[in-house]
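Please open the structure in a viewer and keep the sequence panel visible. The tour proceeds by selections, each followed by a short account of what is found there.

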Amino acid sequence: MQKIKNIAVIAHVDHGKTTLVDQLLQQSGTFKAHQEVEDRVMDSNDIEKERGITILSKNTAITYGDHKINIIDTPGHADFGGEVERVLKMVDSVLLLVDAQEGVMPQTKFVLKKAIGLGLIPIVVINKIDKEGAEPDRVMDEVFDLLVALDANEEQLEFPVLYAAARDGYAKWNLEDENKDMTPLFEAILEHVPYPKGSPDNPTQAQVFTLDSDNFVGRIGIARIFNGKVKKGQEYALVKADGEKTVSRISKLIGFKGLDRIEIEEAEAGDIVAIAGFSDIDVGDTVADKNNPQALDPLHIEEPTLSVIFSVNDGPLAGTEGKHVTSNKLRERLEKEMETNIAMKMEPLGDASFKVSGRGELQIGILAENMRREGYEFLLARPEVVVKEENGVKLEPFEHLVIDVPEEFQGAVIEKLGKRKAEMTSMTPMPDGTVRIEFEIPARGLIGFRSEFLTDTKGEGIMNHSFLEYRPYTGTVESRTQGALISMDNGEAVAFSLYNLQARGTLFIKPQDKVYNGMVIGEHARPGDLEVNPLKGKQLTNMRSAGADDAIKLVPPRTMTLESAMEWIEDDELIEVTPQSIRIRKKHLDPVERRRALRDKKNAAAAK
């Protein structure tokens with residue numbers, strides 16, 4: 001019987017999970033001496049590499065001595081909490097990474113709460129001890145206080161602690177020990193992570209916790225075997241969450257070693273493998289003995305809290321830049337996403353639009369960014385929170401928000417958040433001269449706040465938030481105060497005209513950009529929308545004038561990324577997403593229709 005240890009690496013975003021897994025892979029001898037390996041090798045897709053964040057949980061396996069250690073690298077961002085929750089069910093312990101300077105952050109609390117609830121004993125790694133301003137002892141106390149606050153039992157409070165600098169490749173038991181290598185962490189894993197329960201002799205039970213797909217074998221379920229053995233070529237029952245059973249043969253069984261996937265003939269209780277051969281395999285399904293199929297408890301997935309409407313691009317420039325522009329293509333792509341991403345939901349709304357619900361703006365933004373890179377063209381509406389009704393009471397999601405700002409900016413931030421219905425729960429001065437302020441805020445209040453926050457704190461503020469709970473609806477929340485500059489004509493923008501418009505607000509376009517009637521070309525410096533003409537050239541005459549040849553000096557336009565556009569727009573605006581451009585436009589391109597819609601909205605509000 002194999003000696004197996006299953007462990008997940010959990011932490012707040014940017015506390016060094018992927019870098020730590022890199023070092024474990026390197027130092028366990030999993031890579032051959034001549035093998036070239038890039039940094040953050042577990043971040044496999046382009047967006048993960050560009051942004052330096054983990055989006056999908058990924059598993060790898062290393063051999064250390066006579067043990068096989070299955071390690072799962074999890075996302076740290078709150079929007080991907082659904083991924084982390086599923087993974088924790090599949091492991092026997094967690095490595096909790098905490099930054100030695102930042103300390104306990106919202107996502108640390110969120111993931112640790114789930115781990116404690118499942119009875120896992122954490123191995124705490126205080127990472128980045130080489131950072132200036134690092135205070136490992138304070139952070140250690142914070143972790144202990146958090147465990148006490150989460151009702152951890154006596155055994156969980158006796159957790160082992162290591163100090164590490166994953167980037168430099170060392171971990172140690174005591175701060176005064178020599179900086180050598182990761183051996184202490186390997187020893188901690190072998191000593192403190194329990195062996196998997198379950199026996200290879202029992203009837204087979206394996207549960208799927210994430211999905212993959214392959215063009216040749218179709219859907220692949222990555223599963224943990226809790227009991228029995230799984231053999232390639234044998235028939236097994238697939239038990240769905242609703243109890244429905246189907247029988248199929250395993251066509252391919254894949255094991256993990258380092259970054260490689262190896263075809264294997266059989267695996268037994270405790271291991272993590274990838275299974276192909278079931279066409280309708282889904283997250284949470286149980287692969288069981290066909291003669292005695294016993295299902296495992298289904299996985300609980302948290303409900304989405306934010307929704308966005310995707311629709312077909314019907315603007316004047318539709319189809320000029322993208323390959324896939326029809327509603328059928330859009331539906332197929334979204335349905336394909338829902339197959340593997342179970343934290344999201346999609347419902348068609350008729351009129352060629354689809355409502356996609358997820359855990360946050362980042363999660364939906366990354367789906368839109370992936371689609372854009374694949375050649376899709378579509379419109380996005382403003383994100384809206386998912387409101388529930390229980391016993392006649394309207395409920396909305398609230399977030400736990402933690403902000404680190406230099407002292408001189410705290411007043412401005414508290415004032416802005418007050419208008420967005422946030423309640424301050426604590427305020428702590430930090431040793432590096434910043435202040436950590438914690439709030440409870442409706443999720444609606446956070447939409448559009450990040451860009452304002454970065455401006456108010458001159459880019460020095462850090463904000464993090466995670467889902468708290470549903471609470472009674474709090475009424476209207478203040479949003480963007482400035483209006484939009486709207487183009488009143490179709491054509492290409494002219495430098496002379498943009499030069500004259502600079503005084504009216506901040507522009508989003510540059511000369512020779514294509515514009516059309518109803519497209520938003522900038523942010524008005526005052527409240528209320530303003531229709532402008534960006535196509536107006538200079539009137540030429542045969543008279544000489546003193547300023548004839550003055551150079552036109554344009555301020556660089558504000559570049560709108562997908563996320564910043566999602567935060568900026570209001571209810572009557574849409575984002576046009578194409579493989580080459582991100583444009584903002586009004587829902588109603590015709591000015592007469594816009595005025596009519598505005599009047600109807602005011603009348604409806606007055607009638608209430």
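In which loop is the place of Ser581? Select Ser581: the residue lies in the loop between strand 34 (573–577) and strand 35 (582–586). Helices (H or I, at least four residues) and strands (E, at least two) are DSSP runs, numbered from the N terminus.

Before continuing, please note that this is a predicted model, in which local features need pLDDT of at least 70 and side-chain atom pairs count only at pLDDT 80 or more, while totals for chains, interfaces and linings use all residues. Residues are numbered from 1 along each chain as its sequence is written, and side-chain values use heavy atoms, with hydrogens and water left out.

**Stop 1: the surroundings of Ser581**

Keep Ser581 selected. Is this residue buried or exposed? Ser581 counts as buried because its relative accessibility is 17%; buried means under 20% relative accessible area, exposed over 50%, and partly exposed in between (1.4 Å probe, protein chains only). Next, display the residues that Ser581 touches: leaving aside residues up to four places away in sequence, these are Glu321, Arg372 and Glu576. A contact here means heavy atoms within 4.5 Å. Then add Met560, which is 21 residues from Ser581 along the chain; the two C-alpha atoms are separated by 9.5 Å.

**Stop 2: strand 34 and its partners**

Select residues 573–577, which form strand 34. Five of the five residues in strand 34 are buried. Both faces are covered, with Glu573, Ile575 and Val577 on one side and Leu574 and Glu576 on the other.

Now extend the selection to strand 35. Strand 34 and strand 35 are antiparallel and pair over five bridges; two strands pair if DSSP finds at least two bridges between them. The two strands form a hairpin with four residues between them. To see the register, display Ile575, which stands opposite Ile584 in strand 35.

Which residue of strand 21 should be added next? Strand 21 (residues 378–380) pairs with strand 34 in the antiparallel sense over three bridges, and Leu380 stands opposite Ile575 in strand 34.

**Stop 3: strand 28**

Select residues 484–487, which form strand 28. Both faces of this strand are covered: Ala484 and Ile486 are buried on one side, and Leu485 and Ser487 are buried on the other.

How many bridges join strand 28 to strand 32? Strand 32 (residues 519–524) is antiparallel to strand 28 and is joined to it by three bridges. Strand 33 (residues 530–532) also pairs with strand 28 over three bridges, but in the parallel sense. Center the view on Leu485: this residue stands opposite Gly522 in strand 32 and opposite Leu530 in strand 33.

**Stop 4: a helix pair and a hairpin**

Select helix 10 (residues 410–419) and helix 12 (residues 449–456), which pack at an angle of about 160° with their axes 10 Å apart. Axes are lines fitted to C-alpha atoms, for helices over the stretch in contact, and angles run from 0 to 180 degrees between N-to-C directions. Helix 10 and helix 12 are therefore roughly antiparallel to each other. The contact is made by Val413, Lys416 and Leu417 of helix 10 and by Phe449, Glu452, Phe453 and Asp456 of helix 12.

Move next to strand 25 (residues 423–429) and strand 26 (residues 434–442), an antiparallel pair with six bridges. Glu423 has Glu440 in strand 26 as its bridge partner. These strands form a hairpin with four residues between them, and Gly433 in the turn has a positive phi of about 90°.

**Stop 5: two loop residues with positive phi**

Select Lys128, in the loop between strand 5 (122–127) and helix 5 (136–149). Its phi is near 60°, a positive value in a residue other than glycine. Lys128 counts as partly exposed because its relative accessibility is 24%.

Then select Asp151, in the loop between helix 5 and helix 6 (154–157). Asp151 is not a glycine, yet it has a positive phi of about 60°. Asp151 counts as exposed because its relative accessibility is 67%.

**Final view: the whole protein**

Clear the selection and display the entire protein, which has 15 helices and 35 strands. Of its 608 residues, 52% are buried.

Conventions. Angles under 35 degrees count as roughly parallel, over 145 as roughly antiparallel, 65 to 115 as roughly perpendicular and the rest as oblique.
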